[in-house]
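Subject: Structure handover and what turned up in it

Hi there,

Here is the structure I promised to pass on to you. Please open it alongside this email and read the two together.

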Amino acid sequence: MTDDDVAGLQRRLAEFAAARDWQPYHTPKNLAAALSVEAAELLEIFQWLTPEQAERVMEEPESAHRVADEVADVLAYLLQFCEVLGVDPLAALAAKIDRNEVRFPARKRGGGRGGGGGEGDPSRDRHSSE
């Protein structure tokens, strides 16, 4: 196992926390709260940007560095949360994608869309994480 796979990263995070006696604070509630805060810090980078500016955020070294750091923080807390609760994040994601493929079938290309809230109605679209 390498430090570049999920289990290796989780092990490194656990060792880092253990070396600092942080495990008592790594409860599911605290980790979920920390994850939410870090996700909000990622959002803060984009808060006042136009869609066009947001698409170019990685072109500027300073903003690219900030985005990468916040992504790392979000992922670190998510992996720690999963470790504490015994959730396999990759298996959970695969299962969620499987469920969403059934819940939200792909639209047929080139066909007309009827109104009325049925299949293919844009008002029924949902984000893939639901």
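Below is what was found, starting with the whole chain and then going helix by helix.

Please keep in mind that this is a predicted model.

**The whole chain**

The secondary structure is made up of five helices and zero strands, so the pattern along the sequence reads α-α-α-α-α. The protein has 130 residues, and 17% of them count as buried. It exposes about 9,800 Å² of surface, with carbon and sulfur atoms supplying 57% of that area. If you look at contacts with a sequence separation of 6 or more, 53% of them join residues that are 24 or more positions apart.

**Helix α1 and its salt bridge**

Helix α1 covers residues 6-19. How many salt bridges does the structure hold? There is one, and its partners are the side chains of Glu15 and Arg11, at 4.0 Å from N to O. As general background, side chains of opposite charge can pair when their charged atoms come close. Both Glu15 and Arg11 belong to helix α1, where they sit four residues apart, or about one turn of the helix. Glu15 has a relative accessible area of 47%, so Glu15 is partly exposed. Arg11 is partly exposed as well, because its relative accessibility is 34%.

**Where α1 meets α4**

Helix α4 runs through residues 61-85, and its axis comes within 10 Å of the axis of α1, crossing at roughly 90 degrees. Therefore α1 is roughly perpendicular to α4. On the α1 side, the residues taking part are Val6, Leu9, Gln10 and Leu13, and they meet Ala76, Leu79, Gln80, Cys82 and Glu83 in α4.

Gln80 deserves a look of its own. Is Gln80 buried or exposed? With a relative accessible area of 11%, this residue of helix α4 is buried, because the cut-off for that class is under 20%. Leaving aside neighbours within four places in sequence, Gln80 is in contact with Leu13, His26 and Leu31. You could also check the pair Gln80 and Ala32: these are 48 residues apart in sequence, yet their C-alpha atoms are 9.5 Å apart in space.

**The loop after α1**

Asp21 is found in the loop between α1 and α2, the latter being residues 28-46. What is the phi of Asp21? The angle is near 55 degrees, which is a positive value in a residue other than glycine. For comparison, most residues other than glycine have a negative phi. Asp21 has 55% relative accessibility, so Asp21 counts as exposed.

**A nonpolar patch on the surface**

Which residues make the nonpolar surface patch of about 350 Å²? They are Phe16, Trp22 and Tyr25. Phe16 comes from helix α1, and its 40% relative accessibility is why Phe16 counts as partly exposed.

**Phe46 in α2**

Phe46 is part of helix α2. At 26% relative accessibility, Phe46 falls in the partly exposed class. Apart from its neighbours within four places in sequence, Phe46 is in contact with Ala54, Val57 and Val67. One of these partners, Val67, is 21 residues away from Phe46 in sequence, and the distance between their C-alpha atoms is 9.4 Å.

**Where to start**

If you want a route through the model, you could begin with Gln80 and its contacts to Leu13, His26 and Leu31. From there, go along α1 to the salt bridge between Glu15 and Arg11, and then on to the patch made by Phe16, Trp22 and Tyr25.

Happy to talk it through whenever suits you.

Best wishes

Notes. Residues numbered from 1 in each chain as written. Predicted model: local features only at pLDDT ≥ 70, side-chain atom pairs only at ≥ 80, totals over all residues. Heavy atoms only, no water. Patch = residues over 30% accessible without salt bridge, like charges linked within 9 Å, V, L, I, M, F, W, Y side chains within 5 Å. Areas by Shrake-Rupley, 256 points an atom, 1.4 Å probe, with all protein chains shown as cover. Helix = DSSP H or I, 4+ residues; strand = E, 2+ residues; numbered from the N terminus. Buried < 20%, exposed > 50% of the residue type's maximum accessible area, 1.4 Å probe, protein only. Axes fitted to C-alpha atoms, helices over the stretch in contact; angles between N-to-C directions. Parallel < 35°, antiparallel > 145°, perpendicular 65-115°, else oblique. Contact = heavy atoms within 4.5 Å.
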